[in-house]
Amino acid sequence: MGHLSGVGGGPDLSRNGRDVNFGGQLPIDAVSRPGPETIPLPRDASSTLYVEGLPSDSTKREVAHIFRPFVGYREVRLVAKESKHRGGDPLILCFVDFANPACAATALSALQGYKVDEINPESSYLRLQFSRSPGRRSGGPGPRGKR
């Protein structure tokens with residue numbers, strides 16, 4: 001008798017399972033079709049931007065002023081490197097951390113080609129790209145894929 005009731009419970013369980021599966025497919029479809037507001041993220045997107053084109057005398061505070069208005073802004077890191085040419089200006093490596101790749105992508109598209117110093121005609125334009133290193137640090141697909 002107990003065996004029969006177990007069999008009787010079978011279809012109920014599988015019917016519930018089907019409902020769950022069907023319900024689970026709808027949101028996935030909605031996510032895979034980007035709405036008008038969402039920018040599709042490039043595959044190499046990371047939450048850290050690498051910024052080139054800053055004047056060599058830039059301060060961390062100046063750079064932070066450029067990026068702080070963006071949603072998800074975390075911090076600016078400036079790293080000074082010796083110039084390749086003797087007596088040349090030191091190179092400034094600039095990394096800007098955001099809460100996630102989507103926030104970083106918004107700042108990247110908004111500030112690409114941004115003129116740092118509007119008064120100085122020699123002023124360079126910012127060149128932004130996603131920093132490659134964070135993905136490797138968190139044990140992402142990078143090192144495993146190369147094997």
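## Terms first

Two strands pair if DSSP finds at least two bridges between them. Strands themselves are DSSP runs of at least two residues, numbered from the N terminus. With that in hand, the structure can be read strand by strand. The model is predicted.

## The chain as a whole

The protein chain holds five helices and four strands. Read from the N terminus, the elements follow the order α-β-α-β-β-α-β-α-α.

The protein chain has 147 residues, and 24% of them count as buried. Now take the contacts between residues with a separation of 6 or more. Residues 24 or more positions apart account for 60% of these.

## The sheet

Strands of a sheet pair through backbone hydrogen bonds, either parallel or antiparallel. Which kind of pairing is found here? The pairing is antiparallel, and the four strands form an open sheet in the order β2-β3-β1-β4. β2 (73–81) and β4 stand at the edges. Each has a single partner strand, so one side of each lacks a neighbour in the sheet. On average, neighbouring strands of this sheet are turned by 25° against each other, direction ignored.

Two helices pack on this sheet. Helix α2, residues 60–67, touches β1, β2, β3 and β4. The direction of α2 makes about 140° with that of β2. Helix α3, residues 101–111, touches β1, β3 and β4. The direction of α3 makes about 160° with that of β4.

## Strand β1 and its partners

β1 has partners in both β3 and β4. Four bridges join β1 to β3, and the two run antiparallel. Four bridges also join β1 to β4, again antiparallel.

Individual residues show how the strands line up. Leu49 stands opposite Val96 in β3. Leu49 also stands opposite Phe130 in β4. Val51 has Leu128 as its bridge partner in β4. Glu52 stands opposite Arg127 in β4.

How many of the five residues of β1 are buried? Four are, so β1 is largely enclosed by the rest of the structure.

## Two faces of β4

In a regular strand the side chains alternate between the two faces of the sheet. Strand β4, residues 127–130, shows this alternation. Leu128 and Phe130 point to one face and are buried. Arg127 and Gln129 point to the other face and are not buried.

## Two residues of helix α2

Phe67 is found in helix α2. Is Phe67 buried or exposed? Its relative accessible area is 0%, and buried means under 20%, so Phe67 counts as buried. Leaving out residues up to four places away in sequence, Phe67 touches Leu49, Val51, Tyr73, Val96, Phe98, Leu111 and Leu128. Phe67 and Asp97 are 30 residues apart in sequence, and their C-alpha atoms are 9.6 Å apart in space.

Lys60 is also found in helix α2. Its relative accessibility is 48%, so Lys60 counts as partly exposed. Which residues does Lys60 contact, leaving aside its neighbours within four places in sequence? They are Glu75, Val76 and Leu78. Lys60 and Glu75 are 15 residues apart in sequence and 9.5 Å apart in space, C-alpha to C-alpha.

## The second largest pocket

The second largest pocket has about 200 Å³ of space. Its lining includes Tyr50, Glu52, Gly53, Leu54 and Ser56. Asp89, Pro90, Leu91, Ile92, Leu93 and Arg127 also line the second largest pocket. Glu52 and Arg127 are thus in the lining, and these two residues stand opposite each other across β1 and β4.

Which strands each supply at least two residues of the lining? They are β1 (48–52) and β3 (91–98). The largest share, three residues, comes from β3. By type, the lining of the second largest pocket divides into six nonpolar, two polar and three charged residues.

Note on methods. Residues numbered from 1 in each chain as written. Predicted model: local features only at pLDDT ≥ 70, side-chain atom pairs only at ≥ 80, totals over all residues. Heavy atoms only, no water. 1 Å grid on protein atoms, 1.4 Å probe; cavity = no way out; pocket = protein on both sides within 12 Å on 5 of 7 lines; lining within 4 Å. Points joined across faces, edges and corners; volume = space filled by probe spheres on them. Nonpolar A, V, L, I, M, F, W, Y, C, P; charged D, E, K, R; others polar. Buried < 20%, exposed > 50% of the residue type's maximum accessible area, 1.4 Å probe, protein only. Axes fitted to C-alpha atoms, helices over the stretch in contact; angles between N-to-C directions. Contact = heavy atoms within 4.5 Å.
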